[in-house]
Amino acid sequence: MNIAATVWWQAGTIYQIYPRSFQDANGDGIGDLTGIIGRLPYLTRLGVDAIWLSPIFPSPMADFGYDISDYIGIDPIFGTSADFDALVAAAHGQRLKLILDLVPNHTSDQHPWFLESRGSRDNPKRDWYIWRDPKPDGSAPNNWMSEFGGSAWQFDDATGQYYYHAFLDKQPDLNWRNPEVRHAIYEVMRFWLRRGVDGFRVDVIWHLIKDGEFRDNPVNPNFNAGRPPHEAVLTLHSADQPEVQEVVAEMRRVVDEFDDRVLIGEVYLPVERLVAYYGKDLSGANLPFNFALLSAPWNAREIAALIDRYEQALPLGAWPNWVLGNHDRPRVASRVGAAQARVAAMLLLTLRGTPTLYYGDEIGMRQVAIPAERVQDPFEKNVPGIGVGRDGCRTPMQWGATDNAGFTSGEPWLPLADDFATDNAAAFASDPHSILSLYVKLIDLRKHTLELVFGDYVPLQTAGDVLAYLRVYDGRALLVALNFSSEATSMHVEGEGGEIALTTELDRRGENVSGVLELRGNEGVIVRLR
Ligand code: GLC
């Protein structure tokens with residue numbers, strides 16, 4: 001089998017770009033499309049196959065693009081429509097697929113649809129959003145909470161009703177029970193698919209349909225005060241409703257009107273619920289994002305258990321996927337530490353399923369502490385001081401040791417990490433032992449190794465804090481052994497042993513392994529078995 005000839009979103013690696021922070025070309029301190037175009041060669045050298053861009057559409061930026069005021073334009077901050085076409089052409093010219101962010105759950109409150117909808121109770125677009133009468137005492141229709149703090153209902157004086165917003169009050173939720181809304185968003189999808197995009201990552205796809213009767217959510221018995229306020233109630237009635245699967249399947253049919261595209265869903269749910277988003281007979285999302293690694297306690301036992309749980313929950317024929325970081329969660333290098341970030345890289349690139357990599361993680365970028373006066377994230381502004389802020393994982397890409405790390409000639413919209421003079425893409429590209437070099441090698445190995453792409457996942461019993469598994473394809477196997485501890489250890493290798501193909505320290509290549517595999521502290525090793 002020729003890996004390159006198989007389905008790209010199964011065999012390939014996806015790289016998420018947060019456009020505000022990737023590369024600024026016009027000196028306004030905010031990344032843009034022209035900046036991204038200039039950095040495509042870096043991505044092809046890294047070896048990724050697809051880029052997913054967080055939203056680039058016109059937006060008041062209350063939630064940095066996740067509040068869209070025009071689904072089919074490009075925000076001037078990021079460039080022009082022509083820049084977008086240039087990006088599609090340049091990406092495709094370098095054999096990179098381009099995935100856009102689709103944000104169908106809510107619009108900006110400045111979107112013309114919402115301006116019409118709030119205009120009067122009998123406006124034809126009234127029912128495009130979720131409007132409800134107050135309770136007799138004037139209070140909100142139910143106890144649903146906004147994910148960014150406070151009630152999810154905003155009273156509108158002019159028309160005397162509340163509208164629902166799962167996120168900011170500036171992000172009113174569309175009413176996905178209304179067929180006109182569905183049609184309008186499907187047309188948006190077709191618009192971009194015709195423009196050449198290779199698929200969508202669908203924002204909060206499990207939120208699209210809410211309970212038809214708007215019943216109160218149950219109180220969360222395990223809530224504790226240090227947690228974000230919205231966790232005080234469970235989302236039993238406000239998200240993950242059975243009817244949402246119909247919508248996901250409809251979106252998939254739209255994507256399938258075009259050749260070779262992908263539908264990815266953002267879904268934060270326990271694994272057993274998550275896999276429902278593959279849809280009946282796999283008619284749903286191609287890849288419901290699997291975020292299990294984002295919050296897992298970092299030790300071999302927990303990670304082994306979650307992999308098993310995921311593998312077992314997958315429907316027959318469903319293609320798995322793994323995510324190590326994104327623009328909403330703390331950086332992996334800060335969660336697990338610099339040494340284990342290498343182990344995490346080896347894990348991500350050797351598990352069964354499509355890996356998604358977050359920009360900067362390939363150079364070990366860390367969470368940056370943001371001084372109070374520079375906080376941008378509305379979540380942190382609404383719910384300060386308990387660590388929910390997302391700015392720290394959205395700081396500018398560290399390209400080089402020059403001013404502002406080569407990100408901008410202006411004032412960067414978020415502060416840069418103070419380690420950028422040493423920890424940057426240019427320095428790491430010329431260091432054969434850097435984490436970047438490790439990522440390049442891992443991605444390359446995956447690209448050329450059928451076992452890593454299509455092989456079965458076979459967990460091995462180990463002692464101590466070691467996670468070990470085989471990837472087996474057509475009678476050939478690779479052994480992956482990951483030491484989650486800083487202590488040296490060893491494991492028994494059955495059979496005829498093999499030869500080391502790669503280690504997290506980028507040494508020991510070709511070393512013979514038989515009987516026992518020695519592992520240094522924080523070391524991951526890939527062995528090609530005989
Ligand atoms: C998704 C996005 C997040 C955004 C939220 C509301 O979770 O990833 O960044 O704030 O949706 O759109």
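**Close-up views of the predicted model**

**View 1. The second largest pocket holds about 490 Å³ of space.** The model shown in this and the other views is predicted. A total of 17 residues line the second largest pocket. Those nearest the pocket centre are A4, W8, D49, R95 and K447. By class, the lining is made up of six nonpolar, seven polar and four charged residues.

**View 2. The ligand is surrounded by 14 residues.** Of these, D63, H106, D203, H327 and D328 come nearest to the ligand.

**View 3. Side chains including those of D63, H327 and E266 place polar atoms by ligand oxygen atoms.** For D63, a side-chain N or O atom is 2.6 Å from an oxygen atom of the ligand. For H327, a polar atom of the side chain lies 2.8 Å from a ligand oxygen atom. For E266, the distance from a side-chain N or O atom to an oxygen atom of the ligand is 2.9 Å. D63 and H327 are also among the residues that come nearest to the ligand.

**View 4. Helix α2 packs with helix α14 at an angle of about 65°.** Helix α2 covers residues 33-46, and helix α14 covers residues 435-447. The axes of the two helices are 8 Å apart. On the α2 side, Y42, R45 and L46 make the contact. On the α14 side, the contact residues are L436, Y439, V440 and I443. Sorted by class, the contact has six nonpolar residues, one charged residue and no polar residues.

Notes. Residues are numbered from 1 along each chain as its sequence is written. This is a predicted model: local features need pLDDT of at least 70, side-chain atom pairs count only at pLDDT 80 or more; totals for chains, interfaces and linings use all residues. Side-chain values use heavy atoms; hydrogens and water are left out. Axes are lines fitted to C-alpha atoms, for helices over the stretch in contact, and angles run from 0 to 180 degrees between N-to-C directions. Helices (H or I, at least four residues) and strands (E, at least two) are DSSP runs, numbered from the N terminus. Contact means heavy atoms within 4.5 Å. Ala, Val, Leu, Ile, Met, Phe, Trp, Tyr, Cys and Pro count as nonpolar, Asp, Glu, Lys and Arg as charged, and the others, Gly among them, as polar. On a 1 Å grid over the protein atoms alone, a cavity is a set of points where a 1.4 Å probe fits but cannot get out, and a pocket is an open set with protein on both sides within 12 Å along at least five of seven lines; lining residues have an atom within 4 Å of a point. Grid points are joined across faces, edges and corners, and a volume is the space filled by probe spheres set on the points. A residue is near a molecule or strand if one of its heavy atoms lies within 4 Å of it. A polar contact is a pair of N or O atoms within 3.5 Å; within protein, one must be able to donate a hydrogen and the other to accept it, and residues adjacent in sequence count only if both atoms are side-chain atoms.
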